[in-house]
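Colleague: I have a little time now, could you walk me through the model?
Modeller: Gladly, here it is.
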Amino acid sequence: MKAIHISSILERLCIQNVSGTSPSITSFSPVDGKAIATVPITTRVDYEALVGKAGVAFSQWKQVPAPKRGEIVRQIGDALRLHKQDLGRLVSYEMGKSLQEGLGEVQEMIDICDFAVGLSRQLYGLTTQSERPAHRMFEQWLPLGIVGIISAFNFPVAVWSWNAAIAWVCGNVCLWKPSEKTPITALACQKIVSEIFNRNDLPQEISCLIQGDAELGKQMASDPRIPLLSATGSTRMGKSVAQAVAARLGRTILELGGNNAIIITPHADTKTALLASVFGAVGTAGQRCTTTRRLIIHESIYESFKVQLVDAYKQLKIGNPLDEANHVGPLIDEAAVNSYLEAIKRCKQEGGKFIVEGGVLKGDGYPSPCYVKPCIAEVEPHYKIVQQETFAPILYVMKYKDLEEAIAIQNNVPQGLSSAIMTLNLREAEHFLSVNGSDCGIANVNIGTSGAEIGGAFGGEKETGGGRESGSDAWKAYMRRQTNTINYSDKLPLAQGITFNL
Ligand code: NAD
C-alpha cells in the first residue's frame with residue numbers, strides 16, 4: 001500500500017495550519033481519525049468584507065468578454081491537471097473515498113473546465129421574428145452577479161467546480177461554502193484558482209471561499225446580494241434553503257438526496273446487472289447521492305440473483321481507501337455510523353431480513369471507528385426506512401411481478417434523482433424511459449444509478465430539488481435572459497395591433 005505523506009501534500013498545495021484563539025474548524029480524516037489541519041471560521045465581519053469585494057470583482061469580471069473568461073477557466077483546468085495527484089489524494093484522505101475516486105473527482109473538475117471553455121464561445125441567444133415592420137427582436141443572456149455555492153462532504157470539490165466553472169464563463173463571481181467536514185480540500189482548490197486570477201491581474205474575489213457550518217449557509221440563503229444559490233446536500237437542508245431564498249425571491253439550484261433504484265428484469269444481462277448493483281451500492285461506501293439503495297428484481301430471477309449478490313459481497317475488501325486493493329472505505333464520521341446502525345435497527349423492526357449482515361468493523365486494518373460492513377436486507381417496498389435515504393452502504397432488495405409494478409415501486413418514494421433498468425429487451429427499456437416510466441432526473445438502461453458524465457444536465461425531481469447543474473444547457477440557470485426589441489423605423493407600431501392616436 002502506498003503511504004500518504006499528508007504534510008508534504010499540504011505543503012505543495014500551500015495549506016498552512018492556523019492556530020490561535022479565533023473560531024476554527026479542525027478537519028479529521030475518517031481514514032485514520034487523525035487531524036489534517038485547522039482553518040479559521042468565517043466571521044460575520046469577514047463575510048461582509050468578502051461579499052463587498054466580490055461585488056467589486058463582479059463589476060470587473062463581467063466586462064471581460066466571455067471567450068476570454070473561458071481562457072482563464074482553461075488555465076484553471078491546466079492547474080488542476082498539474083495538482084491532480086496531490087488534490088486527488090487529499091480528497092481521498094479527507095473524505096474517505098478510494099484513491100481512484102479521489103483522482104476521478106479531480107478529473108471531473110478538469111473535464112468541466114474543458115466543457116466551460118467551449119461553452120464560453122456558445123452562450124447563444126435566439127433571434128425571433130417581430131410582428132412589427134422594421135423591428136428586430138432577440139434575446140441575450142447576461143450574468144447574474146454573485147453565485148453562492150453550498151456543497152456537501154461527499155463530493156468535496158467536484159460539485160463546486162460543476163457550478164463555478166460554468167458560473168465564471170457566464171460572467172459571475174462565486175462565493176463557496178464547502179461542507180464543514182471537508183474544509184481542507186476546499187482551501188486547496190481556492191489556492192489553486194487564486195494563483196490563476198493573480199497571474200492574470202484579475203481580482204481573487206472572482207472566487208471566494210468561506211468556511212463554516214449550517215449557520216453560515218443560512219446567512220447566504222437570506223442574503224439578497226446572492227441572486228442565485230446552488231445548494232447540494234440533504235433534503236432537510238434544501239427545504240430550509242428553498243424557503244429562505246424564496247422569501248427574498250432569489251433563485252436556487254437544489255441538488256438534494258436520492259433513493260435510487262435499479263430494476264432487474266428477466267431479460268437482464270446478469271453479469272452487467274450484478275456489477276452495476278454492487279458498484280452502485282458500495283462505491284464511496286454508499287455515500288453518493290446516486291448510490292443504488294434499492295434493487296427491484298423480477299420474481300423469476302430473484303432467488304438466483306440474490307445468491308450471486310451475496311456471493312459478490314463476500315468478496316468485498318473493506319479498509320483504508322488509499323490502498324487500491326480495497327473496494328470500500330470508511331463512512332465520513334461517527335454520526336454517519338450511528339445513522340447506519342439506526343437504519344439497520346429500524347429495518348429489522350419493520351420486518352426486514354438481512355441476507356448480508358451489517359456492523360461496525362474494529363481492530364487491525366480499521367484505524368478509525370468509521371468502517372462499516374456493506375449489508376443487504378430483503379424488504380417490502382412500503383417500509384418507512386426504505387422510503388428514506390440513509391447515507392451508508394445498506395442495500396434493500398425486493399421482488400416484482402410485472403414491469404408496471406416495478407416502475408410503480410421505483411417511483412413511489414419521495415426522492416427522484418437516479419434510476420436504472422437492466423434489460424436487453426427493447427420494449428422494456430423504452431417503456432422505462434417513456435412518459436409512463438421513471439420519474440427521475442436520470443434514467444439509465446444497462447448502466448447503474450451511480451455516477452454521471454459532466455456533459456449531461458445533472459439533477460433530480462421531487463425531494464431531490466429539481467435543479468440541474470453541469471452540462472447540456474444547465475448554464476442558463478447561471479444567467480438572466482433579456483428580451484430586446486429594436487425599432488429602426490420612423491413609426492411606433494404597437495404590439496397586438498393597438499392604435500394610440502394623439
Ligand atoms: P448536509 O445537508 O448535512 O450539508 C450539506 C451542506 O449544506 C453543508 O455545507 C452544510 O453546512 C450546509 N447546510 C446544512 N444545513 C443548512 C441550512 N439549513 N442552510 C444552509 N446550509 C446548510 O449534507 P451532507 O451530509 O454534507 O451530504 C449528504 C447529502 O447530500 C445526501 O443527502 C446526498 O444525497 C446529498 N447530495 C446530493 C447531491 C445531488 O447532486 N443531488 C450530490 C451530493 C450530495
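Modeller: Before I place any residue, helices (H or I, at least four residues) and strands (E, at least two) are DSSP runs, numbered from the N terminus. This is a predicted model, in which local features need pLDDT of at least 70 and side-chain atom pairs count only at pLDDT 80 or more, while totals for chains, interfaces and linings use all residues. Residues are numbered from 1 along each chain as its sequence is written, and side-chain values use heavy atoms, with hydrogens and water left out.

Colleague: Where does arginine 236 lie, then?
Modeller: Arginine 236 lies in helix α9, and arginine 236 is exposed, with a relative accessible area of 69%. Here buried means under 20% relative accessible area, exposed over 50%, and partly exposed in between (1.4 Å probe, protein chains only). From C-alpha to C-alpha, arginine 236 and isoleucine 146 are 24 Å apart in space, with their positions 90 residues apart in sequence.

Colleague: And which helix holds asparagine 198?
Modeller: Asparagine 198 is in helix α7, which covers residues 183-199, and its relative accessible area of 41% makes asparagine 198 partly exposed.

Colleague: Let's turn to the ligand; which residues come nearest?
Modeller: Of the 28 residues around the ligand, Ser151, Glu180, Ser234, Leu256 and Glu389 come nearest, where a residue is near a molecule or strand if one of its heavy atoms lies within 4 Å of it. By class, the shell has 12 nonpolar, 10 polar and 6 charged residues; Ala, Val, Leu, Ile, Met, Phe, Trp, Tyr, Cys and Pro count as nonpolar, Asp, Glu, Lys and Arg as charged, and the others, Gly among them, as polar.

Colleague: What are the polar contacts to the ligand's nitrogen and oxygen atoms?
Modeller: A polar contact is a pair of N or O atoms within 3.5 Å; within protein, one must be able to donate a hydrogen and the other to accept it, and residues adjacent in sequence count only if both atoms are side-chain atoms. A nitrogen atom of the ligand lies 2.9 Å from a polar side-chain atom of serine 240, and a nitrogen atom of the ligand is 2.7 Å from a polar backbone atom of leucine 256. An oxygen atom of the ligand is 2.6 Å from an N or O atom in the side chain of glutamate 389.

Colleague: How much of the ligand's accessible area does the protein cover?
Modeller: The protein covers 91% of the 850 Å² of accessible area that the ligand has on its own; accessible areas come from the Shrake-Rupley method with a 1.4 Å probe, and for residues only the protein chains shown count as cover. The elements giving two or more residues to the shell are α8 (214-221) and α9 (235-247).

Colleague: Why does the ligand lie between the two domains?
Modeller: Because domain 1 (3-256 + 465-482) and domain 2 (260-457) both give residues to the shell around the ligand, with domain bounds that come from an automatic or database domain assignment.

Colleague: Changing topic, how many disulfides are there?
Modeller: The structure holds 0 disulfides, a disulfide being a pair of cysteine sulfur atoms within 2.5 Å.

Colleague: Why is there no bond at cysteine 170?
Modeller: Because the closest cysteine sulfur, in cysteine 174, is 9.7 Å from the sulfur of cysteine 170, which is too far for a bond. Cysteine 170 is buried, at a relative accessible area of 0%.
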